[in-house]
Amino acid sequence: MTTFAPIDSMITDFQAALPTTPVGLTTLTTTVPKEYVHRSVVTEVFLTGWHQTDADTCTVTAQWPRAHTFYGPADGFHDPLLFSETLRQTVPLLSHAVFGAPMDHKQIWRDLHVALDPAALRAGLTPADVELSIRCSDVERRAGVLRGMRMEVTATREGQRLGTASTSFSSHSRALYQRLRGAYADAERAMAAAVELPPSLQPGLVGRDRPHDVVLSPRAADGRWQLRVNTLHPIIFDHPNDHAPGMLLLEAARQAARHHLGPEPVLATGLEAAFHRYAELDAPAWVAAETAADGRVRVTVEQQGALVFECAVTTHPAAA
């Protein structure tokens, strides 16, 4: 039976390893351990710290770079999906570092709701420092181990209101996850069985510069796009994964909304997403978009006739 060190001692060890601040100098900044946010590359960690204010509230800090190979600024604005990736990293961070989930447990999104202020997304001459105030609720435990919870988030950027978010997720032990996924549990085997990558849309149609970053194929006769699951993409697949990552589905929703609305650049400032099923790698997934009565773009992803993911995207003109 594998044993884990008490989480308090893990945090203490991490804090003790931080460099001390010489008298008269400003506090030094570092990122949180990449293992806490389920990233394999240190440069892809956006979170810089956290502290727990009471039993169910925490503060998490992050820094967004001025340039990034995938989530880079465009039209004078930071990529709104940087916020969703910041939240995605916060989910395992709090699960492990605050709520004591063992490091081999996996967290799976159930839903995500994001509303951002476009003005706070403007890119400046320095990286953007972001602070998340988080209230955790509906905490589920079994035998004292975290099984899931909801996070309500209020975000600021250097004191300016950035937006709000709400998300819920489940947390699974390695053994439970293997039972749930069955033959798909082996990530490397699942990736080896991925469907052949279809051709990409022209990058400019979805606000991208390179075909490598396009996650939609040209529309089929029924008006849908095939989801491009590029398992060699160094950001989307930062490490082996047995299914299409949630951030890939959110990127598909953003690109589908952009293509559906036309050529003018827009910011995806609002997302209301539900993750219904795992999007498997060994079968094509199909993306559709339509304009809802409230003006938002409703994007769905289906696979083998079943709804996998849906997202209502709110957009804002990206005037330079």
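## Aromatic pairs, core and cysteines

Phe 70 and Tyr 71 are both buried, where buried means under 20% relative accessible area, exposed over 50% and partly exposed in between, with a 1.4 Å probe and protein chains only. The model is predicted, so that local features need pLDDT of at least 70 and side-chain atom pairs count only at pLDDT 80 or more, while totals for chains, interfaces and linings use all residues. Residues are numbered from 1 along each chain as its sequence is written, and side-chain values use heavy atoms, with hydrogens and water left out.

The structure holds five aromatic pairs, a pair being two rings of Phe, Tyr or Trp (its six-membered ring) with centres within 6.5 Å, called stacked when the planes are under 30 degrees apart, edge-to-face when over 60 and tilted for the rest. Two of the pairs are set out here.

| Pair | Centre to centre | Angle between planes | Class |
|---|---|---|---|
| Phe 70 and Tyr 71 | 4.9 Å | 75° | edge-to-face |
| Trp 109 and Phe 275 | 5.3 Å | 20° | stacked |

The pair of Trp 109 and Phe 275 links distant parts of the chain, with Trp 109 in strand S3 (residues 106–116) and Phe 275 in strand S8 (residues 266–275), 166 residues apart; strands here are DSSP runs (E, at least two residues), numbered from the N terminus. Both Trp 109 and Phe 275 are buried, and together with Phe 309 they form one aromatic cluster.

Two arginines sit over aromatic rings, a placement that requires CZ of Arg (or NZ of Lys) within 6 Å of the ring centre and within 35 degrees of the ring normal. The charged end of Arg 208 is over the ring of Phe 70, 4.1 Å from its centre, and Arg 181 lies over the face of Tyr 278, at 4.2 Å from the ring centre.

The largest nonpolar core has 84 residues, of which Phe 83, Leu 93, Leu 94, Leu 250 and Phe 309 touch the most other members; such a core is a set of buried Ala, Val, Leu, Ile, Met, Phe, Trp, Tyr and Cys residues joined through side-chain atoms within 4.5 Å. Beyond its neighbours within four places in sequence, Leu 94 is in contact (heavy atoms within 4.5 Å) with residues including Cys 58 and Cys 136.

Why do Cys 58 and Cys 136 form no bond? Their sulfurs are 4.9 Å apart, which is too far, given that a disulfide is a pair of cysteine sulfur atoms within 2.5 Å. Cys 58 is buried at 2% relative accessible area, and Cys 136 is buried at 3%. A search of the whole structure finds zero disulfides.

Notes
Helix = DSSP H or I, 4+ residues; strand = E, 2+ residues; numbered from the N terminus.
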